[in-house]
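I set out to record what can be read from one chain: its fold, its core and its pocket. The entries follow in the order in which I looked things up.

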Amino acid sequence: MRSHVEEAPDHCAIEFAMEMLGGRWKLAILKQLVAGTHRFGELRRALPGITQRMLTRQLRELEADGLVTRTVYREVPPRVEYTLTDIGHSLDSITEQLDKWGRWYRETVRRGAPSNARPPT
């Protein structure tokens, strides 16, 4: 069961943030949306390992948490677009840092570098 921000104790802010952003896909979705508005199919193609059901679920949670806005256009066929809110954009630097660190770590492990290798700053 997901917590509500009003119910979260002040001492566990990192746990609350991880509850909102945790999981395999949320930060990857946010990273895609940093570049701008995307339709569902575009997000699905950009994240080839995600299932339609999981993408739908993660987008709904991000929307419920106020990080993503979902816009439905009354057209035939219907068009739905997802955009970061201002609160969602507050995570831009965090997603960029995690992307940078992930790339560095992957290359460090591939090269067999020692475990004391310095991460990027």
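**Entry 1: burial in H2.** I first fixed the cut-off: a residue is called buried when its relative accessible area is under 20%. The model is a predicted one. With that cut-off I went through H2 and found Lys26, Ile29, Leu30 and Leu33 buried. These residues lie on the same side of H2, because they cover an arc of only 100° around the axis. I noted the general background: an α-helix has 3.6 residues a turn, so residues three or four places apart point the same way. After H2 comes Gly36, and I read its phi as positive, near 140°.

**Entry 2: the chain as a whole.** I then listed the elements and obtained six helices and three strands. From the N terminus on, their order is α-α-β-α-α-β-β-α-α. Taken along the principal axes, the box filled by the C-alpha atoms is roughly 55 × 35 × 25 Å. Of the 121 residues in the chain, 25% are buried. I also looked at contacts with a separation of 6 or more; residues 24 or more positions apart account for 43% of them.

**Entry 3: the nonpolar core.** Which residues touch the most other members of the largest nonpolar core? In this core of 19 residues, they are Ile29, Leu30, Leu33, Leu67, Val68 and Tyr82. Two or more core residues come from each of helix H1 (13-21), H2, helix H4 (52-64) and strand S3 (79-84). Ile29, Leu30 and Leu33 had already appeared among the buried residues of H2. I followed Leu67 further, leaving aside its neighbours within four places in sequence. Its contacts are Met20, Leu21, Leu30, Leu62, Thr83, Leu84, Thr85, Ile87, Gly88 and Leu91.

**Entry 4: the largest pocket.** I recorded a volume of about 370 Å³ for the largest pocket. Its lining has 13 residues, and Leu27, Ala28, Lys31, Leu98 and Asp99 are the closest to its centre. Helix H2 (26-34) and helix H6 (92-111) are the elements that give two or more residues to this lining. Which element gives the most to the lining? I found that H6 does, with six residues. By type, the lining of the largest pocket divides into five nonpolar, three polar and five charged residues.

**Entry 5: H2 in both places.** I closed by returning to H2, which gives two or more residues to the core and also two or more to the lining of the largest pocket.

Terms used
Residues are numbered from 1 along each chain as its sequence is written. This is a predicted model: local features need pLDDT of at least 70, side-chain atom pairs count only at pLDDT 80 or more; totals for chains, interfaces and linings use all residues. Side-chain values use heavy atoms; hydrogens and water are left out. On a 1 Å grid over the protein atoms alone, a cavity is a set of points where a 1.4 Å probe fits but cannot get out, and a pocket is an open set with protein on both sides within 12 Å along at least five of seven lines; lining residues have an atom within 4 Å of a point. Grid points are joined across faces, edges and corners, and a volume is the space filled by probe spheres set on the points. Helices (H or I, at least four residues) and strands (E, at least two) are DSSP runs, numbered from the N terminus. Ala, Val, Leu, Ile, Met, Phe, Trp, Tyr, Cys and Pro count as nonpolar, Asp, Glu, Lys and Arg as charged, and the others, Gly among them, as polar. Buried means under 20% relative accessible area, exposed over 50%, partly exposed in between (1.4 Å probe, protein chains only). The arc is that of the directions from the helix axis to the C-beta atoms. A nonpolar core is a set of buried Ala, Val, Leu, Ile, Met, Phe, Trp, Tyr and Cys residues joined through side-chain atoms within 4.5 Å. Contact means heavy atoms within 4.5 Å.
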